[in-house]
Amino acid sequence: MTEPGLREERAGGALLLTLDRPAAGNALDEATILALRARLDHAVRDETLNCVILCGTGRFFCAGGDLKAYRALEDAAALERVFGAARALLDAIEAHPLPVIAAIDGYALGGGAELALACDLRVAGAGAVLGFPQLRLGIIPGWDGTERLAARVGRGTAMRLLLTGERLTAEAAQAMGLVELVAGNAREAALRLAAGLEAAAPLAIRGAKQALSALDLPRAEARKLAAEVFARLWFTEDHREAERAFAEKREAVFHGR
């Protein structure tokens, strides 16, 4: 399926959503924000999926917000409509039941880096560049990026990156914990990660994200939720199938039940 500014394709259990506005650096205008949110919401109900991969076309993963389009925003209500939708999109990525992987080939700047930070895993291509140049535009990150950045790299490093607008190579971003994996081609590496998920039980994949997402809760609450997820998965048909397959020395065949 193709929508303005967005391409969708399947690769096994992976859903690839590719920002396709190369002339604009794959910047997010309002239509693309809403289209991406709609595809993510639809993926929640697809039990054949095991992950979502976000990619970009051409030289950019995402250049952030579409500043040319945003010039037409004339008042606070219009600004909140667009930027509120963008913040809701990033929240939906974090809350999505499936792991969401950012495949960063090329530039991820400003809101593009904020988009990547909302994902569960970030894979950077060898030539990837990440940065937060918002202060040079007279603003700060507008999509809750200050919080997400500080959570990953610490307050001091986040302050440095924001004040200087420093552009980070893939290796530098990995060294400070902004990305988890560096590869020659991020899209191909993300697809390999997705292929590795084929051996995992679909419900367990979703359960792992649910348990990890609870780590921001108080410790006792996070442990309680993880125990509840574990117990729920223990009594699934997929777990029983895995037990049989282990005893019979064969590969398990999972059905998401």
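Trainee: In this predicted model, which backbone nitrogen lies 2.9 Å from a polar atom of the side chain of Glu 114?

Mentor: Glu 114 belongs to helix α4, residues 111-117. Its contacts, leaving aside residues up to four places away in sequence, include Pro 141, Gly 142, Asp 144 and Gly 145. The backbone nitrogen at 2.9 Å from a polar atom of the Glu 114 side chain is that of Trp 143.

Trainee: How far from Glu 114 is the nearest side chain of opposite charge?

Mentor: Glu 114 is buried and yet has no salt bridge. A salt bridge requires a side-chain nitrogen of Lys or Arg within 4 Å of a carboxyl oxygen of Asp or Glu. The nearest side chain of opposite charge is Arg 148, and its distance from Glu 114 is 5.7 Å.

Trainee: What is the salt-bridge partner of Arg 187, and where in the chain is that partner?

Mentor: Arg 187 is in helix α8, residues 186-196, and the pair links parts of the chain 178 residues apart. Arg 187 is partly exposed at 28% relative accessibility, and its partner is also partly exposed, at 30%. The N to O distance is 3.1 Å, and the partner is Glu 9, in strand β2, residues 6-11.

Trainee: Which residues are linked with Glu 9 and Arg 187 in a network of salt bridges?

Mentor: The structure holds 22 salt bridges, including the one between Arg 187 and Glu 9. That pair is part of a network whose further members are Arg 7 and Asp 20.

Trainee: Which residue in strand β8 forms a salt bridge with Glu 180, and is that residue buried or exposed?

Mentor: Glu 180 lies in the loop between α7 (170-175) and β11, 58 residues from its partner in strand β8. Glu 180 is partly exposed, with a relative accessible area of 32%. The N to O distance of the pair is 3.2 Å. The partner has a relative accessible area of 1%, so the residue asked for is buried, and it is Arg 122.

Trainee: With which residue of helix α5 does Glu 180 form a salt bridge?

Mentor: The closest N and O atoms of this pair are 2.7 Å apart. The partner is in helix α5, residues 145-153, and stands 28 residues from Glu 180 in the chain. With a relative accessible area of 34%, this partner is partly exposed; it is Arg 152.

Trainee: Which strand pairs with β8 over three bridges?

Mentor: Strand β8, residues 121-125, is mostly covered, with four of its five residues buried. Four bridges join β8 to β6 in the parallel sense, and there Ile 101 stands opposite Leu 121. The pairing over three bridges is parallel too, and places Ala 124 opposite Val 182. The strand in question, residues 181-183, is β11.

Trainee: Why is one side of each edge strand left without a neighbour in the sheet of four strands, and which strands are these?

Mentor: The open sheet has mixed pairing and the order β5-β7-β9-β10. Within it, β7 (residues 107-109) and β9 (residues 129-131) pair in the parallel sense over three bridges, with Ala 108 opposite Leu 130. Each edge strand has a single partner strand, so one side of each lacks a neighbour in the sheet; the edge strands are β5 (60-62) and β10 (168-169).

Trainee: Which elements do the buried residues of α9 pack against?

Mentor: Helix α9, residues 202-213, has twelve residues and reaches 17 Å from its first C-alpha to its last, close to the 16 Å expected. Its buried residues are Ile 205, Arg 206, Gly 207 and Lys 209. These pack against α1 (30-44), α3 (76-95), β6 (100-104) and α10 (219-234).

Trainee: Asn 26 and Lys 249 have positive phi values; which of the two is buried and which is exposed?

Mentor: Neither residue is a glycine, and phi is about 60° for Asn 26 and near 55° for Lys 249. Asn 26 is in the loop between β3 (14-19) and α1, whereas Lys 249 is in the segment after α11 (237-248). A relative accessible area of 0% marks the buried residue as Asn 26, and a relative accessibility of 79% marks the exposed residue as Lys 249.

Note on methods. Residues numbered from 1 in each chain as written. Predicted model: local features only at pLDDT ≥ 70, side-chain atom pairs only at ≥ 80, totals over all residues. Heavy atoms only, no water. Helix = DSSP H or I, 4+ residues; strand = E, 2+ residues; numbered from the N terminus. Buried < 20%, exposed > 50% of the residue type's maximum accessible area, 1.4 Å probe, protein only. Lys, Arg positive; Asp, Glu negative; His and termini not counted. Polar contact = N/O pair within 3.5 Å; in protein donor to acceptor, adjacent residues only side chain to side chain. Contact = heavy atoms within 4.5 Å. Expected span 1.5 Å × (residues − 1). Pairing = 2+ DSSP bridges.
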